[in-house]
Amino acid sequence: MKAIVSVIGKDTRGIIAKVSTKLYEMDINIENISQTIMQDYFTMIMAVDCSECKLKFSGISEELSKLGQEMGLEIHIQLQSIFDSMHQIATNTRKL
Amino acid sequence: MYTDREILETIDMVSHQHLDVRTITMGISLFDCITDDRRRLCDKIYDKIMRKAENIVRIGNDISNEIGVPIVNKRISVTPISLITAASGGHMEVIRTLDRAADEIGIDFLGGYSALVHKAMTPYEREFINSIPEALSTTKKICSSVNVATSKAGINMDAVRMMGRIVKECARLTKDQDSLACAKFVVFANAVEDNPFMTGAFLGPGEDDAVINVGVSGPGVVKRALENVKGDLTEVAECIKQTAFKITRVGQLVAAEASRRLGVSSGIVDLSLAPTPVVGDSVAHILEEIGLECVGACGTTATLALLNDAVKKGGIMASGHVGGLSGAFIPVSEDAGMINGAEKGALTLEKLEAMTAVCSVGLDMIAIPGDTHEDVISALIADEIAIGVVNTKTTAVRVIPVYGKSEGEYAEFGGLLGRAPIMHISKYSPSAFIARGGRIPAPLHSNKN
């Protein structure tokens, strides 16, 4: 199950380290990372694979938003299919 | 693949522009429940609804969580009850059953306490329609509709005459709640069989045993996208089309996934822009963004025509099957911009009527003085229905004569239904016209001018 993790907030030390550690603890593999800093705002987008993760998707989502609250960041995880659907003309929208 | 900017655009649409899937509505056919034994009929209806839709709320919430887009309402629509109870009677027992099922499943609304009388009505349908005020005033989640005209059959003016009285009775029976029952009752011309939106949802006779229809929304997203368009109206239309495409794709994804998980067929995506009273979720504000000082100004009908057409053009390629009402909704009480226009006096009932000729649905969530005569309401309905019949489109009237209140006061409903300033309506009498009854013949479909 492919998903996109997005991290948005004020830039501080250790964002990548903490988020990737949390993903590692949940057996989620990071396939791609990109990050930018715009006017002190940190944005990181991670493409991840959750197929080895034992938690339900809602559990992953809760863990990440809890981490986000601790760090003062917005962390979302959404299935990749939502972005496929909205931003690609040719797409298989049959399955999440 | 897509870019980071596109990912952030989607996230921003949800967090700041109120992008949501307004409803997943499961249509359930009740034809196989028909029997002449009332008690057995109720048992069969209850069992079928519970069997098909038991998990709709949980599955809706799961999908919402996974894609990160809210699914605001989970609803059910059923075969028009007047068709199901024709052999047995017992519609009041059935409505208690429907209300109980709706409550236990935890859905927001159940639509289909409806009758299709566009050409004529049977004695039973007359009895059924007379029960609507009691049905709506004694239940919370049930919605009702009556189709009184089609472009092929003309307008059943005997039914239209009854509608004025039914609306007034709904208002009287819920006078302590600003005549709330009227907000759950709509009169249609050319009603569609696969509409997922309330109040007018029912599952038509030509539909599957159980089917998922999805209604998307997102006026805030369109407004935000237009804020960056400084060019001419062709560019405005292009921008709306592209935005509507993206919004509809979300609906398509949800429709496919919800129908798969619920084990029922996938019906249509209704690509309507449905406003809510929340700031930043208004159709009126889109028209103002295009260049009007206030909705209701001259130019309102033209801008709305552009918006409605561009939404359809953008959305239609994004979904395999587009249906329902599809277009821009213009309910007064549910749209902060429309409320503002009505308060200022910029938006009048007459202007609203003109607007309905170019967008989906019709005179929607309009509060009028409580002492408005029932014949005036019937004639208002007749006017709106005539627009639909002649232009071969769906039109509808959901009007609230607020009991005990007059022009300038407010009807307060709260939640998605919002609040409505009570508007001026002509007091000149159409009673002699309404008293004639009969049928307005179907219009000519050629030689159009």
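Where in chain B is B:Val361 found? B:Val361 sits in the loop between helix 14 (349-355) and strand 9 (363-369) of chain B. Helices (H or I, at least four residues) and strands (E, at least two) are DSSP runs, numbered from the N terminus.

This is a predicted model, in which local features need pLDDT of at least 70, side-chain atom pairs count only at pLDDT 80 or more, and totals for chains, interfaces and linings use all residues. Residues are numbered from 1 along each chain as its sequence is written, while chains are lettered from A and ligands numbered from 1 in the order in which they are written.

## Backbone exceptions

Most residues other than glycine have a negative phi, and most peptide bonds are trans. The table lists residues with a positive phi.

| Residue | Phi | Place |
|---|---|---|
| B:Val361 | near 60° | loop between helix 14 and strand 9 of chain B |
| A:Asp27 | near 60° | loop between helix 1 (15-25) and strand 2 (29-38) of chain A |
| B:Gly291 | about 145° | just after helix 11 of chain B |
| B:Gly415 | about 60° | turn of the hairpin of strand 11 and strand 12 of chain B |

B:Val361 is buried, with 27 other C-beta atoms within 10 Å. A:Asp27 is partly exposed, with 13 other C-beta atoms within 10 Å. A residue counts as buried if 20 or more other C-beta atoms lie within 10 Å of its own, exposed if 12 or fewer, and partly exposed in between; C-beta atoms are placed from the backbone.

One peptide bond also stands out. The bond from B:Met198 to B:Thr199 is cis, with omega near 20°. B:Thr199 belongs to the loop between strand 6 and strand 7 (210-216) of chain B.

## Two domains of chain B

Chain B is assigned domain 1 (21-189) and domain 2 (216-436). Such bounds come from an automatic or database domain assignment. The C-alpha centres of the two domains of chain B lie 22 Å apart. Their contact takes 40 residues from domain 1 and 42 residues from domain 2. Two residues are in contact if their C-beta atoms, placed from the backbone, lie within 7 Å.

On the domain 1 side, helix 8 (157-173) of chain B gives the largest share, ten residues. That side divides into 25 nonpolar, seven polar and eight charged residues. Here Ala, Val, Leu, Ile, Met, Phe, Trp, Tyr, Cys and Pro count as nonpolar, Asp, Glu, Lys and Arg as charged, and the others, Gly among them, as polar.

## The core

The largest nonpolar core has 176 residues. A nonpolar core is a set of buried Ala, Val, Leu, Ile, Met, Phe, Trp, Tyr and Cys residues joined through C-beta atoms within 7 Å. B:Val148, B:Met163, B:Val254, B:Ile366, B:Val399 and B:Ile400 touch the most other members. Helix 10 (residues 233-262) of chain B gives the most to this core, with twelve residues. Both domain 1 and domain 2 of chain B give residues to this core, so it lies between them.

B:Met163 touches B:Val146, B:Val148, B:Val187, B:Ser378 and B:Ile381, not counting residues up to four places away in sequence.

## An enclosed helix

Seven of the eight residues of helix 11 (residues 283-290) of chain B are buried, so this helix is largely enclosed by the rest of the structure. Among the buried residues are B:His285 and B:Glu288. Their cover includes helix 9 (219-226), helix 10, helix 12 (300-316) and helix 13 (336-344) of chain B.

## A hairpin

Strand 11 and strand 12 of chain B form a hairpin with three residues between them. Four bridges join strand 11 (residues 410-414) to strand 12 (residues 418-421), and the two run antiparallel. Strands pair if DSSP finds at least two bridges between them. B:Tyr410 has B:Pro421 as its bridge partner.

Side chains alternate along strand 11 of chain B. B:Ala411 and B:Phe413 point to one face and are buried, while B:Tyr410, B:Glu412 and B:Gly414 point to the other and are not.

## Where the chains meet

In the contact between chains, 19 residues of chain B meet 21 residues of chain A. Helix 10 of chain B brings the largest share of the chain B side, seven residues. By class, that side has nine nonpolar, four polar and six charged residues.

Chain A averages a pLDDT of 90, and 94% of the residues score at least 70. pLDDT is the predictor's confidence in each residue, from 0 to 100.
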